[in-house]
Amino acid sequence: MRILLVTGRLASDIVKDAIRSIPSKYKEKYVIEIITLPIDVIALASSKTIAYYLKKKGVRKGDYDLIIIPGLVRGSAVEIMNTVGIPAVKGPKQAVDIPIMFTIDLNKLSPNEPADKIIDRYRKEYLSSILKNVEEDIKKKPHMCIGNVLLPINPPPIRIIAEISNALVISKDSLLD
């Protein structure tokens with residue numbers, strides 16, 4: 001699958017680094033090209049502006065199978081598809097999440113919503129499976145229980161219950177969820 005990732009001048013190097021850090025078992029499924037538009041901060045552009053620049057640069061149907069724009073871009077990526085004839089979707093809001101995006105089914109991405117919700121769901125499933133494996137390993141070794149929490153006796157009983165960034169700006173109900 002040939003994919004065109006759209007970025008702006010200031011994020012170009014970050015996006016290139018993100019592409020390099022995609023695990024090879026996922027990366028081999030795709031031919032990924034990056035196009036840097038003459039816009040400093042691509043997230044401040046609209047999908048209509050991106051469509052204009054892609055058409056101006058000669059991007060057209062048959063060149064790529066999918067165009068991925070940043071999740072923070074205003075407007076629907078359908079505008080891009082209508083202009084250049086290539087399906088277009090929104091990627092994550094942050095470029096550092098690009099490698100995670102390529103580990104999920106790209107067909108689940110939307111032209112209207114950033115990929116973050118899908119990435120978060122995948123991340124939760126993935127982390128839950130890791131926790132389940134850790135719990136199973138603890139059960140096989142000497143351990144103690146505090147409530148429903150298993151604590152290994154050796155190595156030391158260290159468990160991180162939760163780490164929540166920006167906890168001070170999140171509502172109490174959201175924190176409890």
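This passage describes the strands, nonpolar cores and second largest pocket of a predicted model, together with the surroundings of two buried residues, S47 and V73.

The strand β1, which spans residues 2–7, pairs with two other strands. With strand β2 (residues 31–36), β1 forms six bridges in the parallel sense, and within this pairing the bridge partner of L4 in β2 is E33. With β3, β1 again runs parallel, here joined by three bridges; I3 stands opposite L66 in β3, and L5 has I68 as its bridge partner in that strand. Because five of the six residues of β1 are buried, this strand is largely enclosed by the rest of the structure.

The strand β3, residues 66–69, also pairs with strand β4 (residues 88–90), in the parallel sense and over three bridges, and in this pairing I69 stands opposite K90. In a regular strand the side chains alternate between the two faces of the sheet. In β3, L66 and I68 point one way, whereas I67 and I69 point the other way, and all of these residues are buried.

The largest nonpolar core has 22 residues, and those with the most contacts inside it are L5, I98, M101 and F102. Two or more residues of this core come from each of β1, α1 (12–20), β3, α5 (98–101) and α6 (116–139), with α1 giving the most, namely three residues. One of the residues with the most contacts in this core, I98, is in contact with L5, V15, A18, I19 and P92 when its neighbours within four places in sequence are left aside. Apart from the largest core lies another core, of 20 residues, which includes L4, V6, I69 and V73.

V73, a member of this other core, lies in the loop between β3 and α4 (78–84). With a relative accessible area of 2%, which is under the 20% limit for a buried residue, V73 counts as buried. Beyond its neighbours within four places in sequence, V73 is in contact with I42, A43, A45, S46, S47, I50 and K90. V73 and T49 are 24 residues apart in sequence, and the distance between their C-alpha atoms is 9.9 Å.

S47, one of the contacts of V73, has its place in helix α3 (residues 47–56), and it counts as buried because its relative accessibility is 4%. If residues up to four places away in sequence are not counted, S47 touches V73, R74, G75, S76, A77, E79 and I80. A further separation was computed between S47 and M81, which are 34 residues apart in sequence and 10.0 Å apart in space, C-alpha to C-alpha.

The second largest pocket holds about 320 Å³ of space. Of the 23 residues that line this pocket, those closest to its centre are A11, I42, P70, K93 and A95; one of these, I42, is also among the contacts of V73. The elements that give two or more residues to the lining are β1, α1, β3 and α5, and β1 gives the most, with three residues. By class, the lining of the second largest pocket is made up of 18 nonpolar, three polar and two charged residues.

Technical notes:
Residues numbered from 1 in each chain as written. Predicted model: local features only at pLDDT ≥ 70, side-chain atom pairs only at ≥ 80, totals over all residues. Heavy atoms only, no water. Core = buried A, V, L, I, M, F, W, Y, C linked by side-chain atoms within 4.5 Å. Buried < 20%, exposed > 50% of the residue type's maximum accessible area, 1.4 Å probe, protein only. Helix = DSSP H or I, 4+ residues; strand = E, 2+ residues; numbered from the N terminus. Contact = heavy atoms within 4.5 Å. 1 Å grid on protein atoms, 1.4 Å probe; cavity = no way out; pocket = protein on both sides within 12 Å on 5 of 7 lines; lining within 4 Å. Points joined across faces, edges and corners; volume = space filled by probe spheres on them. Nonpolar A, V, L, I, M, F, W, Y, C, P; charged D, E, K, R; others polar. Pairing = 2+ DSSP bridges.
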